[in-house]
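Okay, thanks for making time for this one. I'll put the structure up and then talk you through it.

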Amino acid sequence: MQDRSSNLPFAIGIPALLWQILFFYVPLLLMVGTTLVTFAEDGSFTGLTLQNIGRFVTPVYGRVILSSILLGLSNTTLCLLIGYPLAYFLAFTGKRFKNFFLFLLIVPFWTNFLLHVYAWFFVLERNGVVNTALIHLGLIETPIHFLNSIFAIMVMMVYYYLPFMVLPIYSSLERFDKRLIEASLDLGATSLETFRKIVLPLTRRGIVGGFFLVYIPSFAEFAIPELMGGDKLMFVGNAISHYVLGEGTGSLGASFTVISCAILLLTSGFLYWLLEKLLTPKQRCDA
Amino acid sequence: MGNEDISDCPINKRPINIVFQNYALFPHLNVFENIAYSLKLKKLPKILIQQKVLKILEAFHLENHIYKLPSQLSGGQQQRVALARAIVGEPDLLLLDEPLAALDFKLREKVLLELIELQEKLKITFVYVTHDQFEALTVADQMAIMNHEGTIEQIGRPKEIYEFPVSSFVAKFVGTTNILPGRLCNLDEAPEIEIADLGHFKVDISQKKTWMSEGCEMVMSIRPEKIFITKKITKNFSNHLIGHVHSIVYHGRSTQYNIVLKNGMRLQVFEQNEEHFPQEVIDYDNEVHLYWQKENAVLLER
């Protein structure tokens, strides 16, 4: 009896596991395979190669990868800077309106992604809401060209990814014992010191969670740059979709995907280390 | 505080530290860091911080737990860390908010005595907030009794508060008491309280209050231990009542009798269990005589 019940959680997991293996790990392996392995005409294994990867070691692709890292980083940083105060407000001052505010935060998810994009077109276009308002206020004379720019991409990115940052931080702040703030102030800390030494470290899990929930997909984001940025800027996601959808360039797409994944893993690892270092207080051991 | 008004002083500048009811230890910092928190904020030199923290750790018998996180400590240890953290910065005043509420009964008594000892050693004023009257009577030099509206009803030494409460709230709140409503009469000769359906009882008004007047409504408070209970008629007491034993609660060192009087009112009486084999055994439904001296009853405004 005992054995059976202890195997149950595993048994429940089997369908999900199969799904994961079949549709994630197998394709991933295939992709890595086509990138690193060469085949003869008849499909037999002939050896390993770095040629497919070497093809992408050029300044052009370097720039693509770098701009993706920057896109991911700047979006994540902006989301964190806007999202943390928002989560703080929700958790500490929201009180009985808390659930209502959370609801407002989630509502945009109910509409289709493309509708969001079109909505932003209306806001940002030449005769859009923002330009009209600025002209009426007399701040500008001719409409500003917002669309097809880095600015438009960032606005849409932050708009779309903000909830992914707010929710994990909110849940860690929600669990945070507010009396610790009182205790810290009582012991002579200023509000800023309290925030730095007590609140930030204790909401570390939420920050790190939100950080990667935003960083990873925004590194590979291709729809938003494509729609909001015109074709001026090339990011990893755009390059991959270009190859995969292109005629006969599927294997190039696979190779570039493998490279991007590696870069994403490396940068994520570094960022994780950095965040932990910044947010974990030093525990004195020399006493 | 002292002679200074600190109401407008921000909380982090006040020379007061608080021991919180739930301790509010920082869960991500070890014992050392928790205690050193206020010292580090003052930017004291490292060596000095270390000396101070180690000294207090030793005084609180925590030297084996320096690197433990609060979650790895027992309740009593957490309580000591909270206390150490609050006094390491040498505040002028220490505010303790129900510091023993989270401890079990045996430990509570032990820590309470430690607190008293500590207070005498440190010579810091402790303000000790509690709803446990036993704790309050034990630790306090001065007590203030606050009612539900937050106004202070009486300030005084524990003995004054217990023996001479100024209001029925204080009398009922601190310890147990019997409250008997009645009417003051015969003020000029031998003052008495007239209690409906029970008769007249002698009272002592040597400390005459301004509200006392002939025929005014009032209450009399008698502590249960001030009443002598017996089955025999006895002399030398100023007041006498007859009742029936309704229930008996045995407390070990004393026995509590709940008595029903002939007008239906109930009285509590404590009797010290002085002997192994008491000469008279009082049992359920026995008729008993209750005696008390008029000086031992407190008269209070209705």
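I'll go through chain A, then the interface, then chain B, and stop at a few residues on the way.

One thing up front: this is a predicted model, so keep that in mind throughout.

Let's start with chain A. Its secondary structure is 13 helices and two strands. The radius of gyration comes out at 24 Å, and the globule rule for 287 residues gives 19 Å, so chain A is more spread out than a compact globule. If you like boxes, the C-alpha trace spans about 75 × 75 × 45 Å along the principal axes. Of the 287 residues, 26% are buried. And for contacts with a separation of 6 or more, 69% are between residues 24 or more positions apart.

The domain assignment cuts chain A into domain 1, residues 1–49, and domain 2, residues 58–279. The C-alpha centres of those two domains of chain A sit 32 Å apart. How many residues of domain 1 of chain A are in contact with domain 2 of chain A? Four, and they meet five residues on the domain 2 side. On the domain 1 side, that's two nonpolar and two polar residues, with no charged ones.

Now a helix pair in chain A. Helix α3 of chain A covers residues 59–92, helix α10 of chain A covers 204–220, and their axes come within 8 Å, crossing at roughly 145°. The crossing of α3(A) and α10(A) is right-handed. On the α3(A) side the contacting residues include Ser68(A), Gly72(A), Asn75(A), Thr76(A), Cys79(A) and Gly83(A). Across from them, α10(A) brings in residues including Gly210(A), Phe211(A), Val214(A), Tyr215(A) and Ser218(A). Look at the spacing there, and remember the helix basics: with 3.6 residues a turn, residues three or four places apart point the same way. By class, this α3(A) to α10(A) contact has eight nonpolar and seven polar residues, and no charged ones.

While we're on α3 of chain A, Leu70(A) is in that helix too. Is Leu70(A) buried or exposed? Partly exposed, because it has 13 other C-beta atoms within 10 Å, and the partly exposed class begins above 12. For a sense of distance, the C-alpha atoms of Leu70(A) and Glu193(A) are 30 Å apart, with those positions 123 residues apart along the chain.

On to the interface. Chain A puts 19 residues in contact with 24 residues of chain B. On the chain A side, α8 (179–186) and α9 (191–202) each supply at least two of those residues. Which of the helices gives the most? That would be α8(A), with six residues. The chain A side as a whole splits into 11 nonpolar, three polar and five charged residues.

Let's stay on α8(A) for a second. Its buried residues are Leu180(A), Ala183(A), Ser184(A), Leu185(A) and Asp186(A). What do they pack against? They pack against α9 of chain A together with β1 (16–19) of chain B, so there are partners from both chains. After α8(A) comes Gly188(A), with a positive phi near 105°.

Right, chain B. Here we have seven helices and 15 strands. The radius of gyration is 25 Å, well over the 19 Å from the globule rule for 302 residues, so chain B is also more spread out than a compact globule. Its C-alpha atoms fill a box of roughly 75 × 50 × 25 Å along the principal axes. Buried residues make up 27% of the 302, and residues 24 or more positions apart account for 63% of the contacts with a separation of 6 or more.

Chain B also has two assigned domains, 11–141 and 176–302. Their C-alpha centres lie 44 Å apart.

Last stop, two backbone oddities in chain B. Lys43(B) isn't a glycine, yet has a positive phi of about 60°. Where is Lys43(B)? In the loop between α1 (31–41) and α2 (46–59) of chain B. Lys43(B) is exposed, as there are just 7 other C-beta atoms within 10 Å. Glu98(B) is another non-glycine with a positive phi, about 45°. Glu98(B) lies in the loop between β2 (93–97) and α4 (105–122) of chain B. With 16 other C-beta atoms within 10 Å, Glu98(B) is partly exposed.

That's my tour, so over to you.

How values were computed:
Residues are numbered from 1 along each chain as its sequence is written. Chains are lettered from A and ligands numbered from 1 in the order in which they are written. This is a predicted model: local features need pLDDT of at least 70, side-chain atom pairs count only at pLDDT 80 or more; totals for chains, interfaces and linings use all residues. Domain bounds come from an automatic or database domain assignment. Two residues are in contact if their C-beta atoms, placed from the backbone, lie within 7 Å. Ala, Val, Leu, Ile, Met, Phe, Trp, Tyr, Cys and Pro count as nonpolar, Asp, Glu, Lys and Arg as charged, and the others, Gly among them, as polar. Helices (H or I, at least four residues) and strands (E, at least two) are DSSP runs, numbered from the N terminus. The radius of gyration is taken over C-alpha atoms; the globule rule is 2.2 Å times the number of residues to the power 0.38. A residue is buried if 20 or more other C-beta atoms lie within 10 Å of its own, exposed if 12 or fewer, and partly exposed in between; C-beta atoms are placed from the backbone. Axes are lines fitted to C-alpha atoms, for helices over the stretch in contact, and angles run from 0 to 180 degrees between N-to-C directions. A crossing is left-handed if the near helix is turned anticlockwise from the far one by less than a right angle, and right-handed if clockwise.
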